[in-house]
Structure formats: C-alpha cells, structure tokens
Amino acid sequence: MKTVKRSIPLFAVLLLTAASLIITSCSRIRVYKHAGLLKDIPLNIIVVGQREPEWDRVNSFVNEKVSLFDHRDEKSPLFELNRTGRAKLPPELYATMKEALAIARKSGGAFDPTIYALTRAWDFDHGGRLPGKGEIEKAKAHVDYKRLILDTGGIATLPEGFGVDLGGIAKGAIVDLLGDYLESMGYDEYLIEAGGDILVKGLKKEARWKIGIKHPRKLNEFMGIVSLGESNKRLAIVTSGDYEQYFEKDGVRYHHIIDPSTGYPARGLVSVTVIAGSCMEADALSTAAFVMGYEKGFEMIQKTDGVEGLFVMERGGSLSAEETESFPLPLYELKL
Ligand code: ADP
Ligand code: MG
C-alpha cells in the first residue's frame with residue numbers, strides 16, 4: 001500500500017517536471033536576424049532557435065565560398081581554369097559544376113556555364129557595354145558547355161579561349177551550402193535570402209514563411225506574396241529577370257542574361273520565378289527558362305519533378321503572367 005501511495009505523487013511530480021521543462025525550453029526559442037553581404041549583394045538570414053548563431057563565423061563561411069565560386073578571384077580554381085584550361089576542383093565546386101552541366105543539357109544549352117567569353121564581352125561587372133557584331137561572333141564561338149570536361153577525380157578542363165562563369169548558379173549553390181552550415185550548427189528552421197535567391201527550411205515557429213516576389217517594373221513593390229515552408233523540408237524560390245542588371249542604349253534594354261545562341265541578351269520574358277527543392281537548382285533553372293523563353297521554358301519547368309514556375313512577359317507595354325499548376329500563388333492574386 002505504502003509503495004503505491006508514494007509512487008503516484010512521484011509520478012505526478014515527474015510529469016510536471018517534464019512538462020515544465022518542455023514549456024521553458026519552448027519559451028526560449030527565438031527568432032534571430034542577421035544582415036550581411038554575399039560579395040556585394042545583401043544577404044539576409046533569419047534563424048529560429050534557442051541561441052543566437054555566431055554571425056562572425058557565418059560571415060567568414062560565406063566569404064570563403066564567395067571566393068571559391070568567383071572566377072574573378074585569383075584564389076578560385078575557376079580563375080586558374082580560365083587562365084590555363086585546367087584545374088582541380090574542391091567537392092562543392094565540382095558538385096555545382098556537375099549540376100550546371102546537367103542543366104545545360106536539359107535546357108539544350110540555353111543555360112551554359114562556359115558563358116564567360118560572352119559575359120566578358122558584355123562586361124556587366126562594370127555596368128555593361130554594347131560589343132560589336134564581330135566581337136560577339138568571336139565570343140560566341142568560345143561558348144559551348146560540351147567542351148567543358150569534368151573527370152571523376154575532380155579535374156576540369158577547357159580548350160584555349162574558353163572560360164567558365166558560374167554567375168547563373170553560384171549564388172544558389174552558396175545559399176545551399178550556408179543552409180548545410182546552419183544545420184551543422186543545430187538550426188532546423190531558417191530563411192536565407194541573397195539578392196532575391198531564397199532558401200527556407202522548415203517553418204517559422206509553426207507558421208509558413210511569407211516571401212514577397214519583386215515587381216519587375218515597379219521598384220520596391222511586390223507583385224505578390226508567397227507562403228512557403230514545410231516541416232523539415234528545404235524549399236527555394238529564385239527569380240531571374242531583365243531588371244537586375246541592365247543598361248539602355250538608343251531605347252533598347254540590354255541586360256545580363258545572355259542567350260548563347262545569339263550572343264545577345266535573351267528576349268521575350270521579363271522574369272521567371274522558380275520554386276525547387278534546392279536553391280542551386282532553382283537559380284540555374286530560372287536563368288535557363290529565362291533564356292529559353294515562355295514556350296520552351298514553361299515546358300521544361302512543367303516537365304521537371306518537384307519544380308514550379310511563374311513566367312512574366314511584356315506585350316504591347318503591358319505585363320501578363322502564366323504559372324505551372326501548383327505554383328503557390330494564384331494568378332488572380334498577382335498585382336502586375
Ligand atoms: P542574378 O544573378 O541577377 O540573380 P541570374 O541567376 O539569372 O541572375 O544570373 C545571371 C548571371 O548568370 C550573369 O550575370 C552571368 O554571370 C550568368 N549568365 C548569363 N547568361 C547565362 C547563360 N545563358 N547561362 C548561364 N549563365 C549565364
Ligand atoms: Mg540564376
């Protein structure tokens with residue numbers, strides 16, 4: 001009898017202790033925000049957790065990856081590859097290059113990581129310039145992803161005069177790596193945004209993340225808000241558009257996404273927003289679909305599993321949009 005009588009309150013005490021532990025640990029979960037830089041573009045991070053990440057370490061991690069993926073950086077193997085035609089790539093760069101080649105094949109070369117000769121001619125790093133026709137033809141002859149060879153030992157080779165520019169995929173790849181890094185520090189709910197490329201993991205304290213999609217023509221306005229997030233899952237949303245980097249000459253807009261088949265900025269679309277399971281895939285596919293144009297680009301996105309797209313075009317001065325079936329923002333809610 002005695003034992004039974006004593007065990008009941010003890011059990012209750014244990015339960016109460018467990019409950020209070022859960023309550024105190026829940027109440028300590030906070031939302032931490034950080035504004036940094038990914039090279040020269042704004043980087044915003046939100047994490048949900050019990051303690052604040054060491055942002056200095058996060059900044060160093062990002063800077064190290066930026067340097068690795070930037071062909072202009074003398075420390076990057078891409079700098080060496082473009083200079084000598086051969087370089088050994090560390091695993092994260094190798095994996096990104098492999099994905100870039102896969103998307104180049106999938107898009108029939110609309111996305112091409114060997115776009116370097118053309119991006120150098122257009123020189124958007126310094127605001128952009130209109131190259132002569134001969135210069136474009138010459139550069140075009142030095143763009144062809146089939147000439148970029150990756151061997152299984154991590155060595156990349158390129159013929160003379162060819163070069164790699166991972167600008168259409170690197171931002172997404174770095175954001176994914178930063179996601180891995182945050183997870184290795186114990187964070188399972190976060191949002192990372194780098195110049196419009198967004199990766200979310202899980203939910204923001206049980207609610208979905210609210211993400212604004214920039215209006216392609218009205219600066220500082222959103223054309224819509226998307227709710228994104230699923231417990232324990234990564235989701236990325238990336239937009240490629242003709243409004244990020246461009247110059248105008250004689251009334252023509254020249255922007256930084258180049259069609260390798262013409263050597264000129266891709267025409268036809270204003271923006272493409274892609275949702276995918278990784279930021280790298282969303283980044284490369286949005287650039288690829290933008291170059292392919294509405295018909296082919298839409299078909300490619302529709303055929304790709306786990307990927308949704310929103311396409312905006314301009315005809316006769318007015319904007320219109322189309323989206324794949326499960327894009328999480330109905331067309332009637334779009335403010336164009
Ligand atoms: P942003 O960098 O503005 O987010 P994108 O992801 O679409 O836009 O990438 C544009 C960059 O991709 C260019 O600055 C250039 O470095 C590179 N690029 C341009 N055209 C192509 C192409 N056809 N295929 C692959 N990369 C490209
Ligand atoms: Mg891209």
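How far is an oxygen atom of ligand 1 from an N or O atom in the side chain of Thr287? In this predicted model, the answer is 2.8 Å. Let's start at the ligand and then walk outward.

**Around the ligand**

Thr287 has company: ligand 1 is surrounded by 18 residues, and the closest ones are Lys171, Ser240, His256, Ile258 and Thr287. Here are three polar contacts, side by side.

| Residue | Protein atom | Ligand 1 atom | Distance |
|---|---|---|---|
| Lys171 | side-chain N or O | oxygen | 2.7 Å |
| Thr287 | side-chain N or O | oxygen | 2.8 Å |
| Ala110 | backbone N or O | nitrogen | 2.9 Å |

On its own, ligand 1 would expose 570 Å², and the protein buries 93% of that. What kinds of residues make up the shell? It's a mix, with 7 nonpolar, 6 polar and 5 charged residues. Helix α8, residues 279–292, gives the largest share of this shell, with 3 residues.

**Helix α8 and its partner**

That same helix leads us to the next stop. Two packed helices are described by the angle between their axes and the distance between the axes. For α8 and helix α9 (residues 294–303), the angle is about 145° and the axes are 6 Å apart. From α8, the contact uses Leu285, Ala288, Ala289 and Met292, while α9 brings Tyr294, Lys296, Gly297, Met300 and Ile301. Sort the residues of this contact by type and you get 7 nonpolar, 1 polar and 1 charged.

**A three-stranded sheet**

Now for some strands. Strands of a sheet pair through backbone hydrogen bonds, either parallel or antiparallel. Here, 3 strands line up in the order β3-β5-β4 to form an open sheet with antiparallel pairing. Its edge strands are β3 (86–88) and β4 (149–150), each of which pairs on one side only. Between β3 and β5 (residues 155–157) there are 3 bridges, and Arg86 has Thr157 of β5 as its bridge partner. Helix α3, residues 77–84, packs on the sheet and touches both β3 and β5. The direction of α3 makes about 160° with that of β3.

**A hairpin to finish**

Further along the chain, β14 (residues 308–315) and β15 (residues 318–323) pair in the antiparallel sense over 6 bridges. Which residue of β15 stands opposite Phe311? That would be Glu322. The two strands, β14 and β15, form a hairpin with 2 residues between them. In the turn sits Gly316, with a positive phi of about 55°.

Conventions:
Residues numbered from 1 in each chain as written. Chains lettered and ligands numbered in written order. Predicted model: local features only at pLDDT ≥ 70, side-chain atom pairs only at ≥ 80, totals over all residues. Heavy atoms only, no water. Near = heavy atom within 4 Å. Polar contact = N/O pair within 3.5 Å; in protein donor to acceptor, adjacent residues only side chain to side chain. Areas by Shrake-Rupley, 256 points an atom, 1.4 Å probe, with all protein chains shown as cover. Helix = DSSP H or I, 4+ residues; strand = E, 2+ residues; numbered from the N terminus. Nonpolar A, V, L, I, M, F, W, Y, C, P; charged D, E, K, R; others polar. Axes fitted to C-alpha atoms, helices over the stretch in contact; angles between N-to-C directions. Contact = heavy atoms within 4.5 Å. Pairing = 2+ DSSP bridges.
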